[in-house]
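Please open the model in your viewer and keep the sequence panel beside it, since each stop on this tour begins with a selection.

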Amino acid sequence: MLSWANRFNICCFLDNQQYRLPHHSEECLVGVGVLKHFEPAEDFLYSLSSFCSAAADYIFGHFSYDCKNYLEPLTSSHPDGIGFPDAFLFVPQVVLRLHQQQLQIGVTIDDAATIFKEILEEEFPIKALPAVKLLPRIEHAAYLAIIEQLKQHIKRGDCYEINFCQEFYSHHVVLDPVQVYQRLQEVSPNPFSAYYRVNDKYLACASPERYVRKEGKRIISQPIKGTAPRNHEDKTADDANKQRLLSTQKERSENVMIVDLVRNDLAKICTQGSVKVEELLGLYSFPNVHQMISTISGTLPPSVGIAEVLAATFPMGSMTGAPKRRVLELVEQYEKTKRGIFSGTVGYISPAGDFDFNVVIRSIMYNSSSKYLSYQVGGGITYLSDPQQEYEECLLKAQAIEKVLSEK
């Protein structure tokens, strides 16, 4: 299915890697080809709402981190080596929906039987991936100094927490993005994975985090804050890592602060009194890390759609910090690269107006025209942060990506 979908210049392949988590997500949902599409206009929220209302069909696509500039009086002057649009949504020509042993095919350009036959006959030659040497956009010593500066902002009361990110990049890279994605899923399968292509821009995403899901009147957000390494060789040590994560004051306070921010964001659009924390500091284990995840829910009035949800909640609190507006300014001041699609979101909107969007983390981005490849990684900085430990947490989060890109 993935290889067949990549025939199209525009495709979005969403895969939950067969996780059975408490809140439903599609097993595998794919949109390819374009009947009509949306890109940001001057009146961003109005044009977005109009596009979604008129579509009456599945919509796939993304909102990059830099959509913040349409929602707040903000700008970004940093370089962007990948070049995804600030936002891109499309009504696909073909929708594939896989559930256990059943594949549903929704089609406008051909008959479903022909597409099914093409998928079954699709060849997928396995080629060795080239080893890619990545360079840091911020050197180690400079990173440590920036964290100390951010802690001074927190001490002065400019913010309580800030998510600070850094980029690792490489030039002159030639590879097959489909095989990169496949290998990434072998190394680190996660429940909000995505392969996404917009012409010559590619995203191979192994995200464990949901940004927001709407089902009927109900909306949920599930921010991740708190990370600990796995130890598959020693169960006792692995369990100790989990308990250490749960008991660490810095990790707990980081999560609680973002929960409070998300509660406030959802309260802007939800029915009064309906916003609640369903799970606080839930511990979930993934192939490479343990994560602390909280779940916040609320009830939406019928008039609220994706445009209103974005206006109230984007960028997501787990990738910004608090208070959000000031943190967005500090991110621009101290980071060295545009985040672009990283720490944005990829997902879908159903014909009924329900939607599910991830947080784009643990991802490889690639531009096949410029042959530029990069990944970004970050963490929440509080006054209790130790700069060296924060740097090591970044490396931990990038472990799977480094493994995929360093293999020969």
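Begin by selecting Tyr 211, which counts as buried at a relative accessibility of 3%, the cut-off for that word being under 20%. Bear in mind from the outset that this is a predicted model. Tyr 211 is found in strand β12, which covers residues 210–215. If you now display whatever touches this tyrosine, leaving aside neighbours within four places in sequence, the contacts of Tyr 211 include Ile 220, Ser 221 and Gln 222, then Val 309, Leu 310, Thr 313, Phe 314 and Met 316, and also Thr 345, Phe 357, Asn 358 and Val 359. Add Asp 356 to the selection as well: it stands 145 residues from Tyr 211 in sequence, yet the two C-alpha atoms are 7.9 Å apart in space.

**From Tyr 211 to helix α9**

Among the contacts of Tyr 211 are Val 309, Leu 310 and Thr 313, and these three also appear among the buried residues of α9, so select that helix next, as residues 306–313. Helix α9 is mostly covered, with six of its eight residues buried; these are Ile 306, Ala 307, Val 309, Leu 310, Ala 312 and Thr 313.

**Leu 48 and the cores**

From α9, move to Leu 48, whose contacts, not counting residues up to four places away in sequence, are Ile 306, Ala 307 and Leu 310 together with Phe 38, Phe 63 and Leu 89. The largest nonpolar core has 62 residues, and within it Leu 48, Phe 63 and Tyr 196 touch the most other members. Apart from that core lies another, of 57 residues, which you can find by selecting Val 94, Val 178, Leu 373 and Ala 400, all among its members.

Before leaving this region, select Ser 49, which is found in helix α2, residues 44–55. Ser 49 is partly exposed, with a relative accessible area of 27%. A distance drawn from the C-alpha atom of Ser 49 to that of Ala 113, 64 residues apart along the chain, should read 34 Å.

**Two cis peptide bonds**

Return to the chain after α9 and select Phe 314 and Pro 315, which are joined by a cis peptide bond with omega of about -5°. Pro 315 lies in the loop between α9 and β17, the latter being residues 321–322. A cis peptide bond also joins Ala 322 and Pro 323, here with omega of about -10°, and Pro 323 lies in the loop between β17 and α10, residues 324–334.

**Helices α5 and α10**

Keep α10 selected and add helix α5, residues 140–156; the two pack at an angle of about 155°, with their axes 12 Å apart. That angle makes α5 roughly antiparallel to α10, and the crossing of the two is right-handed. To see where they meet, show the side chains of Ile 146, Gln 149, Leu 150 and His 153 in α5 and those of Arg 326, Leu 330, Gln 333 and Tyr 334 in α10. By class, this contact has four nonpolar, three polar and one charged residues.

**Helices α6 and α12**

For another helix pair, select α6, residues 177–187, and α12, residues 399–406, whose axes come within 9 Å and cross at roughly 130°. That makes α6 oblique to α12, and α6 passes α12 in a right-handed crossing. Which residues of α6 and α12 meet? On the α6 side they are Val 180, Arg 183, Leu 184 and Val 187, and on the α12 side Ala 400, Ile 401, Lys 403 and Val 404. By class, the contact of α6 with α12 has six nonpolar, no polar and two charged residues.

**Two residues with positive phi**

Select His 172, which lies in the loop between β9, residues 161–170, and α6. Its phi is near 60°, a positive value in a residue other than glycine, and His 172 is exposed, with a relative accessible area of 72%.

As a last stop, select Leu 281 in strand β15, residues 276–285. Leu 281 likewise has a positive phi, of about 60°, although it is not a glycine. Is this leucine buried or exposed? At 11% relative accessibility, Leu 281 counts as buried, whereas His 172 counts as exposed.

Terms used: Residues are numbered from 1 along each chain as its sequence is written. This is a predicted model: local features need pLDDT of at least 70, side-chain atom pairs count only at pLDDT 80 or more; totals for chains, interfaces and linings use all residues. Side-chain values use heavy atoms; hydrogens and water are left out. A nonpolar core is a set of buried Ala, Val, Leu, Ile, Met, Phe, Trp, Tyr and Cys residues joined through side-chain atoms within 4.5 Å. Buried means under 20% relative accessible area, exposed over 50%, partly exposed in between (1.4 Å probe, protein chains only). Contact means heavy atoms within 4.5 Å. Helices (H or I, at least four residues) and strands (E, at least two) are DSSP runs, numbered from the N terminus. Axes are lines fitted to C-alpha atoms, for helices over the stretch in contact, and angles run from 0 to 180 degrees between N-to-C directions. Angles under 35 degrees count as roughly parallel, over 145 as roughly antiparallel, 65 to 115 as roughly perpendicular and the rest as oblique. A crossing is left-handed if the near helix is turned anticlockwise from the far one by less than a right angle, and right-handed if clockwise. Ala, Val, Leu, Ile, Met, Phe, Trp, Tyr, Cys and Pro count as nonpolar, Asp, Glu, Lys and Arg as charged, and the others, Gly among them, as polar.
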